[in-house]
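Open the model in your viewer and keep the sequence panel beside it. Each stop below says what to select and what to look for there.

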Amino acid sequence: IFSIVFSGNHHARLIARSPMVDVEGLKREAGITACGFVRSGMKLGLGTGSTVRYTIIEIGRMISEEGVEVIGVPTSESTRELAESLGIPLMPISEADRIDLTIDGADEFDPSFSLIKGGGGALTREKEVAMISDSMVVVADDRKRVPVLGEFDLPIEVDPSRWSEISQAIRELSGTESTLRGGTTSPYVTDNGGFILDCKYGPTIAEPAILEEQLLSIEGVVQVGLFVGICDAVVMATGSGVETMVNPVGRLY
């Protein structure tokens with residue numbers, strides 16, 4: 001059983017009354033809660049990840065049971081397959097010049113609502129969709145909430161033919177070591193055909209916008225898993241319930 005408590009600064013807390021903590025159940029509740037931002041007629045960016053999966057399932061239910069009319073823009077092939085299986089009408093990114101709302105996951109978020117994304121390998125499409133969205137809501141659990149970004153290795157999508165020299169350039173830029181995801185014998189390949197370098201910054205990324213600009217200036221870098229000034233709210237699953245935090249300088253106010 002859950003109760004909703006509203007507090008100042010547009011915060012809403014969905015408190016679990018049950019003494020037992022069901023982590024997966026709370027992730028499901030967070031995913032469903034994020035659908036409170038969805039309105040019929042919207043064009044929706046559909047993110048990638050274990051928590052936002054519940055959002056997509058709920059959107060499918062809203063379409064079939066409530067007659068909600070939306071069009072989804074998937075950020076990965078796995079999301080496209082899930083959405084298609086649920087009967088969600090889809091549009092490719094190439095045809096979506098503007099999106100009303102994107103709901104996606106995150107690997108980390110800080111107090112300024114900056115994000116690290118890309119643990120699932122879809123960072124380039126995720127950012128492309130987020131950048132043309134009027135607003136972005138992130139669904140995550142409280143393990144992703146950090147004071148400073150970087151404990152989670154920062155993913156960077158790169159040109160496969162240049163990954164080694166890019167890794168060296170990153171080392172020269174900031175003294176940071178990076179690992180080719182999947183290793184040299186069977187590297188992970190993104191939906192775009194790129195490779196991913198996971199960079200071990202540690203919790204030191206206090207100025208993510210500056211680092212993002214520096215990394216994007218390296219030739220052969222396709223995209224960086226830093227999302228700055230894009231996230232407008234986080235729907236977060238915690239051990240005691242689900243909390244919605246709205247960015248006070250975001251686009252939802």
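Select Ala140 to begin; in this predicted model the residue is buried, with a relative accessible area of 1%. Ala140 sits in strand S8. Show what surrounds it: leaving out residues up to four places away in sequence, Ala140 touches Thr51, Phe109, Val235, Met236 and Ala237. Now add Ile166 and draw a distance between the C-alpha atoms. Ala140 and Ile166 are 26 residues apart in sequence, and the distance in space is 30 Å.

**Strand S14**

Move to Ala233, which lies in strand S14. Is Ala233 buried or exposed? Its relative accessibility is 0%, so Ala233 counts as buried. Apart from neighbours within four places in sequence, Ala233 is in contact with Phe37, Phe113, Met136, Val137, Val138, Met245, Val246, Asn247 and Leu252. Select Pro248 as well: Ala233 and Pro248 are 15 residues apart in sequence, with their C-alpha atoms 9.0 Å apart.

Stay on strand S14 and go to Thr238. Thr238 has a relative accessible area of 11% and is buried. With neighbours within four places in sequence set aside, the contacts of Thr238 are Leu26 and Asp142.

**Phe113**

One of the contacts of Ala233 was Phe113, so select that residue next. Phe113 belongs to the loop between strand S6 (108-109) and strand S7 (115-116). Check its backbone: the phi of Phe113 is near 65°, a positive value in a residue other than glycine. Phe113 is buried, at a relative accessible area of 9%.

**Helix H3 and what covers it**

Select residues 77-85, which form helix H3. Which residues of helix H3 are buried? They are Thr79, Leu82 and Ala83. These residues are on the same side of H3, because they cover an arc of only 95° around the axis. Now colour what lies over them: the cover includes strand S3 (43-46), helix H2 (52-66) and strand S4 (71-74). Step past the end of the helix to Gly87, which follows H3 and has a positive phi, near 75°.

**The nonpolar cores**

Select Val38, Leu44, Ile59, Val70 and Ile103. Among the 27 residues of the largest nonpolar core, these touch the most other members. Which elements each supply at least two residues of this core? They are helix H1 (23-33), S3, H2, H3, strand S5 (101-104), strand S8 (136-141), strand S14 (233-238) and strand S15 (241-246). The most comes from H2, which gives five residues.

Centre the view on Ile59. Not counting residues up to four places away in sequence, Ile59 touches Cys35, Leu44, Leu46, Val70 and Ile88. Then turn to a second, separate core of 20 residues, whose members include Leu149, Phe195, Cys199 and Leu226.

**Two exposed loop residues**

From the second core, keep Leu149 and Phe195 selected. Add Ala206, in the loop between strand S11 (195-199) and helix H6 (208-216). Ala206 has 61% relative accessibility and counts as exposed. Ala206 and Leu149 are 57 residues apart in sequence, yet their C-alpha atoms are 6.7 Å apart in space.

Next add Ser161, found in the loop between strand S9 (154-158) and helix H5 (163-174). Is Ser161 buried or exposed? With a relative accessible area of 63%, Ser161 is exposed. The C-alpha atoms of Ser161 and Phe195 are separated by 9.0 Å, while the two residues are 34 apart along the chain.

**The cavity**

The last stop is an empty space. Rolling a probe the size of a water molecule over the atoms shows where such space is left. How many cavities of 30 Å³ or more does a search of the whole structure find? The search finds one. The largest cavity has a volume of about 40 Å³.

To see its walls, select Thr75, Gly121, Ala122, Leu123, Thr124, Arg125, Glu157, Thr190, Asp191 and Asn192, which line the largest cavity. Helix H4 (residues 123-131) provides the largest share of this lining, three residues. Colour the lining by class to find two nonpolar, five polar and three charged residues.

Conventions
Residues numbered from 1 in each chain as written. Predicted model: local features only at pLDDT ≥ 70, side-chain atom pairs only at ≥ 80, totals over all residues. Heavy atoms only, no water. Buried < 20%, exposed > 50% of the residue type's maximum accessible area, 1.4 Å probe, protein only. Helix = DSSP H or I, 4+ residues; strand = E, 2+ residues; numbered from the N terminus. Arc of directions from axis to C-beta. Contact = heavy atoms within 4.5 Å. Core = buried A, V, L, I, M, F, W, Y, C linked by side-chain atoms within 4.5 Å. 1 Å grid on protein atoms, 1.4 Å probe; cavity = no way out; pocket = protein on both sides within 12 Å on 5 of 7 lines; lining within 4 Å. Points joined across faces, edges and corners; volume = space filled by probe spheres on them. Nonpolar A, V, L, I, M, F, W, Y, C, P; charged D, E, K, R; others polar.
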